[in-house]
Amino acid sequence: MLDLRFYGAAQTTTGSMHIIEFDGKKILLDCGLVQGKRKESFELNRQFPFDPREVHALVLSHSHIDHSGKIPALVKQGFRGKIYATSATCDLCEVMLRDSAFLQERDVEFVNKRRKKQGKNLFELLYGQEDVDRALELFSPLDYHTGVEIAKGLELNFNDAGHILGSAVSILDYKRDGKKRRLVFTGDLGQRNTPLLRDPEPVPDTDVLITESTYGDRNHPSRENIRGRLKDYITFIYQHRSKLIIPAFSVGRTQQLLYILNGLVESHAIPPIPVFVDSPLSKKATEITEHHQECYNNNLIGDVLKGDDPFKFPGLQFTNTVEDSMKLNDAKGPMIIISASGMCEGGRILHHLRNSVSNPLNIILITGFQAENTLGRRIVEQAPIIKIFGEEHELRSTVFTINGLSGHADREGLCDYAATLGNVQQAFCVHGEKEYCEAHVESLRKLGIPSVHMPVQGQLFRNV
Ligand SMILES: [Zn+2]
């Protein structure tokens, strides 16, 4: 008997965590950190709604922190089972979780300073680097399409989800009343025809589907000429000897941008220009991407076979130290700076923005979704004044947005994927704000799936 319980990313897009109970064994699907307003997420991340010591194994869809970021806390609180993930995900988790531990240490210091003043009890650190070390020992790499029995009578396989490097759709095969049954968990599902990764791979004969619904109610704008637009912006800053500043997520977006720039430089479509990737995490993520060619799509493999390094080109430099990063503040353009964080909530991008936003000849290029209450959102909305490090700055640079690099399938992509799965009997929509999730429930019903649910936090479904 297989029961399903939804603990995170239920009618929201953060803190992905679901639990399967199969013949008395608890298997966790994802173990994500809740991200959002500091106070609320801080409380939510403190505890688990189950005893981590009772969890038999963890199946991890991909390395993004909202899917993996609570793993060291799970281990700290007694989990000792195996963590199944693709080998690219294992490698990315090492750098992502170390970075997350560093941020946890900084956050708890910040919160405790205030609590100390108020005479309140101090919070314990959610996890530190030594908890990350112990968690990494439990990772058990599993290649795509290679089955493993993770509990007696329960087999796990991974298909490519096309979302970020190493992302997987998890396939769980078991028997119900003596008949074969297949449960599929999409994790985050990518777009088709993206520059680096393969398309999300369908899974035939699926009976039960747990699907993300981030963009369940809307389609992405039709494919933009991203290469052409980048070329125009670069030509402009070259002529005006100014800067093109691109806030970008370290994993995925940065490598997509480097790949497109590589094409522009090597085809001589743009003049020679210095390109700085200013984020240690982005540098590591790029190295891991170069290493995991088993995740590349055919176009990218073709480039590699021709002898090209798709993420390296003349003029590109990775800055490591804070001093090197600071030097860029005084350096004269033209230059391109790609830096994190992607939503401008922290990291070195803040220095570059502070230094650049008042110059009308600079361009700020936004390449990803910017959540509410972030500096990135204020910039997209072209607020006349923005606050960086507590100081007000006039936003006089030109702001452009490219939407076409999104790592998530849109409404059409999600529906098309569900339609390829076969005769799905039961579906659960997760990982979407309520209205997006509702829209996807509707779409799946229209596809003819007889039983579609939008679980709430903690909801249990028996014998699926
Ligand atoms: Zn993701």
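## Polar contacts between the domains

A polar contact is a pair of N or O atoms within 3.5 Å, where, within protein, one atom must be able to donate a hydrogen and the other to accept it. In this predicted model, 7 residue pairs, both members at pLDDT 80 or more, are in polar contact across the interface of domain 1 and domain 2, while the count of salt bridges found across that interface is 0.

## How the chain is divided

The domain assignment splits the chain into two parts, with domain 1 made of residues 2-218 together with 407-457, and domain 2 made of residues 226-401. When the centres of domain 1 and domain 2 are taken over C-alpha atoms, they are separated by 29 Å.

## The interface

Where the two parts meet, 20 residues of domain 1 are in contact with 20 residues of domain 2. The size of an interface is often given as the accessible area lost when the parts come together. For domain 1 and domain 2 the area buried between them is about 1,700 Å², and 68% of this lies on carbon and sulfur atoms. On the domain 1 side, the residues that lose the most area to domain 2 are Leu165, Pro195 and Leu196, which together account for 36% of what that side buries. Sorted by class, the side of domain 1 that touches domain 2 consists of 11 nonpolar, 5 polar and 4 charged residues.

## A pocket and a cavity

The second largest pocket has a volume of about 390 Å³, and among the 20 residues that line this pocket, Gln191, Arg192, Asp410, Glu412 and Gly413 lie nearest its centre. By class, the lining of the second largest pocket comprises 6 nonpolar, 8 polar and 6 charged residues.

As for enclosed space, the rule counts 1 cavity of 30 Å³ or more, and the largest cavity holds about 30 Å³. The lining of the largest cavity is formed by Ser16, His18, His67, Phe185, Gly187, Asp188, Glu212, Val430 and His431, a set that divides into 2 nonpolar, 5 polar and 2 charged residues.

Terms used:
Residues numbered from 1 in each chain as written. Predicted model: local features only at pLDDT ≥ 70, side-chain atom pairs only at ≥ 80, totals over all residues. Heavy atoms only, no water. Domains from an automatic or database assignment. Contact = heavy atoms within 4.5 Å. Buried area = accessible area lost by both parts, 1.4 Å probe. Salt bridge = Lys/Arg side-chain N within 4 Å of Asp/Glu carboxyl O. Polar contact = N/O pair within 3.5 Å; in protein donor to acceptor, adjacent residues only side chain to side chain. Nonpolar A, V, L, I, M, F, W, Y, C, P; charged D, E, K, R; others polar. 1 Å grid on protein atoms, 1.4 Å probe; cavity = no way out; pocket = protein on both sides within 12 Å on 5 of 7 lines; lining within 4 Å. Points joined across faces, edges and corners; volume = space filled by probe spheres on them.
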